[in-house]
Structures are given as C-alpha cells and as structure tokens.
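Me: Please take a close look at one strand of this protein and at what surrounds it. I would like a connected account rather than a list.

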Amino acid sequence: MRLWFFMISLAGCLPLWPASGGGDEHRQFDLFVSGGEGYHTFRIPSLAVTGKGTVLAFCEGRKKGQGDSGDIDLLLKRSTDGGRTWGAQQVIWDDGLHTCGNPCAVVDADTGVVWLLMTWNRGDDNERLILDRKSKDTRRVFVSSSKDDGVTWAPPRQITDDVKKPDWTWYATGPGNGVQLAQGPHKGRLVIPCDHMVADTKKYYAHVVYSDDHGETWKLGGASPKDQLNECAVVELSDGRLLLNMRNYDRTRRSRGVSLSDDGGMTWSGFYHDAALVEPICQASLVRSVPQFAKLRDAAEGQKGLLLFSNPASEKDRVNMTVRLSYDDGRTWPVAKPLHAGPSAYSCLAVLADGQIACLYEGGTKSPYEKIVFAAFSLAWLTGGAER
C-alpha cells in the first residue's frame with residue numbers, strides 16, 4: 001500500500017470576514033466551496049484549536065464526485081487570528097486513488113501536540129463491499145500528528161491492529177473531535193469517538209479509542225451497550241464522567257442515543273435516547289464550553305456544566321443546522337439557535353482562544369454538500385443575551 005505525504009506552503013491567505021453585522025457576535029465564512037481548489041466536493045468537517053489559539057479546520061477533499069468512496073484526500077486550512085483570515089489549503093494525506101478520510105482531531109494540552117486520527121480504504125472498495133466482506137482490502141485506522149500548530153504533519157502511521165477487532169468490518173473514526181480528560185484517575189487521557197460493525201450481524205456500535213501516553217500508542221476502549229448506533233461524539237462532564245452521544249438508526253426514536261462512562265471510557269452504561277436532540281440520522285458534535293486554555297479557566301469556573309451541541313435539528317431531513325446549549329451537563333437543552341435553516345449535515349464545534357464558539361458545518365441552498373462553512377459566535381449571541 002502506497003502512502004504519500006504532502007505539505008503545501010501557507011503562502012497567501014483567504015480574505016477577511018465578510019460584513020455580517022453585530023461586530024464579533026456572529027460571523028460566518030465559506031471556507032471550503034465544492035468545485036473549487038481541485039476538488040469536486042468537500043465533506044466531513046473536523047475542528048481543533050491549539051494551545052496557542054491556532055484554528056485548524058480539517059475535511060475530506062473528494063476528487064471525482066460526492067460519494068464516500070474513491071479518490072479522497074485529507075485537507076486542512078489554518079487560521080492564526082481566530083478564524084478571521086485563513087492560510088492556503090494543505091494536503092495532509094493523499095494516497096493516490098484511495099480513500100483517506102474521517103478526520104477526528106484532539107489537542108494534547110500537556111504537550112501541545114495535535115493528534116489526528118483517520119481511516120483508509122481502497123478507492124475501489126466501498127462500504128457495502130467491506131460490510132459484506134467482498135472487498136479487496138478492509139477499513140484501516142491511521143494516526144498523524146503535528147508539533148508546530150499544524151504547519152507540518154508526521155506521515156500517517158497505521159494503528160489498525162491496536163484498535164480494531166478481527167471480526168469488525170466497517171470502522172470510522174469520529175468524525176469531528178476527541179477530548180483530553182482534565183480530572184480524575186485518567187487525567188491526561190486522550191479519547192477519540194469511533195464506530196464499527198461486527199461481521200455477519202448487520203449491527204453498528206459506537207466505541208472509543210484512547211491513549212494514556214500522549215498519543216504514542218492507542219488502545220481500544222469500550223463500546224456502546226446497544227446497537228444501531230454509530231458516528232458519535234464524546235465529552236467530559238463536570239463530575240469527570242464521560243458522555244457518549246450517538247447517531248441513532250432506530251426510527252421508532254428519532255433522537256440521539258446517549259450513554260455514560262465512569263471509568264474513562266472503558267465501559268459504557270445507562271443508555272437512553274435524548275428526546276430534545278432530534279436527528280434525521282446524521283453525525284453531530286458535542287463539546288464543553290469551558291476551554292482547555294489556562295488563561296480562560298478561572299473566568300469559566302462557573303460554567304463547568306455548560307455543553308454545546310450541533311446537528312441538523314430535524315427528525316426527517318438534513319436541514320436546519322442548530323446549536324444548542326445545556327447548563328446542566330446535557331440533562332436539559334433550554335437554548336437552541338439555528339446557524340443555517342437550509343440543507344445542512346455534518347458539523348464540528350470548538351471553543352476559540354477568546355472564548356467564542358466556533359462551528360464548522362456542511363451547508364448549502366439545494367444540497368448540504370455545497371460548502372463547508374466556518375461560523376464563530378459569542379455565548380451572548382447564542383442565548384440572546386438572556387441570563388440563565
């Protein structure tokens with residue numbers, strides 16, 4: 001298997017934010033526009049913010065079409081000013097005609113290293129062939145890292161044997177973002193949400209992988225206690241437990257699946273459907289509103305229970321990209337505000353260095369896959385200035 005690694009210089013940058021009114025309260029910018037920069041379609045956003053405040057926006061660049069298989073590259077754009085201007089497009093991973101995708105990033109606050117987990121499959125294999133075990137190869141898992149805020153990246157390193165069981169067929173990392181545990185006996189652990197299908201069962205499960213040595217090695221954590229769940233997001237709650245929020249295929253309950261872990265992601269229990277988080281069967285994003293950055297922690301001390309969630313808020317169609325806010329670790333979601341009422345699909349949330357919230361999401365007017373948009377907004381904009 002040939003693996004090629006590319007780095008494109010950051011000469012030039014994209015324009016400043018378009019005028020949107022409201023100062024810095026709410027901004028949106030079309031960051032990846034399908035049909036441009038050498039790609040038919042851009043999909044699958046992932047967002048990370050480094051300890052220095054650099055914003056890293058990842059996605060898949062699909063060369064020949066909109067589909068999930070074929071010639072797909074892993075791309076990145078960087079911003080050093082909170083998303084107001086952006087550097088040129090970088091190609092992190094290009095393996096010829098094969099599929100390199102499903103970005104899921106996490107920043108190690110202790111070392112400053114950005115870790116990016118990804119998946120690979122042959123371009124002439126697709127999900128159905130892999131599920132039916134009729135493919136030429138299988139779905140494989142890789143990791144790359146950057147020690148300089150995303151300027152350069154290590155060649156992708158395969159970790160399939162460490163995180164995928166022999167009887168698993170399909171496998172996906174994220175997509176979106178992972179988390180580093182900030183408290184408890186597993187403090188410092190890096191956790192990445194993933195999903196898989198067990199051979200011959202036709203059942204999807206969510207699971208996590210983790211690293212206790214700052215990304216040098218990765219191990220398999222626990223899986224969801226229920227099936228018909230896949231693409232997921234993980235967050236650390238204010239009491240140190242982990243919450244796994246999952247895409248749900250059970251159409252008798254058109255809302256997200258949720259499970260909890262009190263051992264750092266090794267086991268999951270307490271499954272339930274969150275009726276407030278409706279979904280049309282689609283990926284979603286979930287983060288704490290308290291940033292990793294030390295300079296903001298004290299100011300956010302009273303916000304430990306605040307969680308942010310984004311997805312197309314519809315039971316049927318991929319439309320109405322909405323950001324929700326919880327004040328109580330996800331037990332209730334009293335605040336909801338649309339970012340884009342039209343077609344929309346995958347998204348990824350992050351907290352910027354200045355405390356604003358960022359959402360990288362797929363959207364368009366006729367299709368959700370026309371562009372990937374970077375939005376930034378304040379907590380006051382999200383809540384309408386209301387006190388809780």
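What follows is a description of one strand, its sheet, and the spaces it helps to line.

Reply: The model is predicted, and the strand chosen here is E16, residues 229–236.

Some context comes first. The protein has 4 helices and 25 strands. Of its 388 residues, 59% are buried. Among contacts between residues at least 6 apart in sequence, 56% join residues at least 24 apart. The protein exposes about 14,900 Å², and carbon and sulfur atoms supply 51% of that area.

E16 belongs to an open sheet of 4 strands, in the order E16-E17-E18-E19, with antiparallel pairing. E16 is an edge strand of this sheet, and the other edge is strand E19, residues 269–278; each of the two pairs on one side only. On average, and with direction ignored, neighbouring strands of the sheet are turned by 30° against each other. In general, strands of a sheet pair through backbone hydrogen bonds, either parallel or antiparallel. The partner of E16 is strand E17, residues 242–248; the two run antiparallel and are joined by 6 bridges. Within this pair, Cys232 stands opposite Met246 of E17.

E16 also takes part in the lining of a pocket and of a cavity. The pocket is the second largest, with about 330 Å³ of space. It is lined by 22 residues, and those closest to its centre are Asp68, Glu127, Trp170, Glu231 and Tyr346. E16 is one of the elements that give two or more residues to this lining; the others are strand E2 (41–49), strand E3 (55–62), strand E6 (99–107) and strand E10 (168–173). E6 gives the most, with 3 residues.

The cavity is a separate topic. The structure holds 1 cavity of 30 Å³ or more, and the largest cavity has a volume of about 40 Å³. Cys232 and Ala233 are among the residues that line it, along with Pro175, Gly176, Asn177, Pro193, Gln283, Ala284, Ser285, Leu286 and Ser347. At least two residues of the lining come from each of E16, strand E11 (176–177) and strand E20 (285–288). Cys232 therefore has two roles in this description: it faces Met246 across the strand pair, and it lines the largest cavity.

Another residue of that lining, Pro175, has a backbone feature of its own. The peptide bond from Gly174 to Pro175 is cis, with omega near -5°. Pro175 is found in the loop between E10 and E11. Of the strands on either side of this loop, E10 contributes to the lining of the second largest pocket, while E11 contributes to that of the largest cavity.

Two further backbone features lie in other loops. Asp149 has a phi near 60°, a positive value in a residue other than glycine. It is found in the loop between strand E8 (140–146) and strand E9 (157–158). Lys202 likewise has a positive phi, near 60°, and is not glycine. It lies in the loop between strand E13 (190–198) and strand E14 (203–211). As for their surroundings, Asp149 has a relative accessible area of 9%, so it counts as buried. Lys202, with a relative accessible area of 49%, is partly exposed.

Note on methods: Residues are numbered from 1 along each chain as its sequence is written. This is a predicted model: local features need pLDDT of at least 70, side-chain atom pairs count only at pLDDT 80 or more; totals for chains, interfaces and linings use all residues. Side-chain values use heavy atoms; hydrogens and water are left out. Buried means under 20% relative accessible area, exposed over 50%, partly exposed in between (1.4 Å probe, protein chains only). Contact means heavy atoms within 4.5 Å. Accessible areas come from the Shrake-Rupley method with a 1.4 Å probe; for residues, only the protein chains shown count as cover. Two strands pair if DSSP finds at least two bridges between them. Axes are lines fitted to C-alpha atoms, for helices over the stretch in contact, and angles run from 0 to 180 degrees between N-to-C directions. On a 1 Å grid over the protein atoms alone, a cavity is a set of points where a 1.4 Å probe fits but cannot get out, and a pocket is an open set with protein on both sides within 12 Å along at least five of seven lines; lining residues have an atom within 4 Å of a point. Grid points are joined across faces, edges and corners, and a volume is the space filled by probe spheres set on the points.
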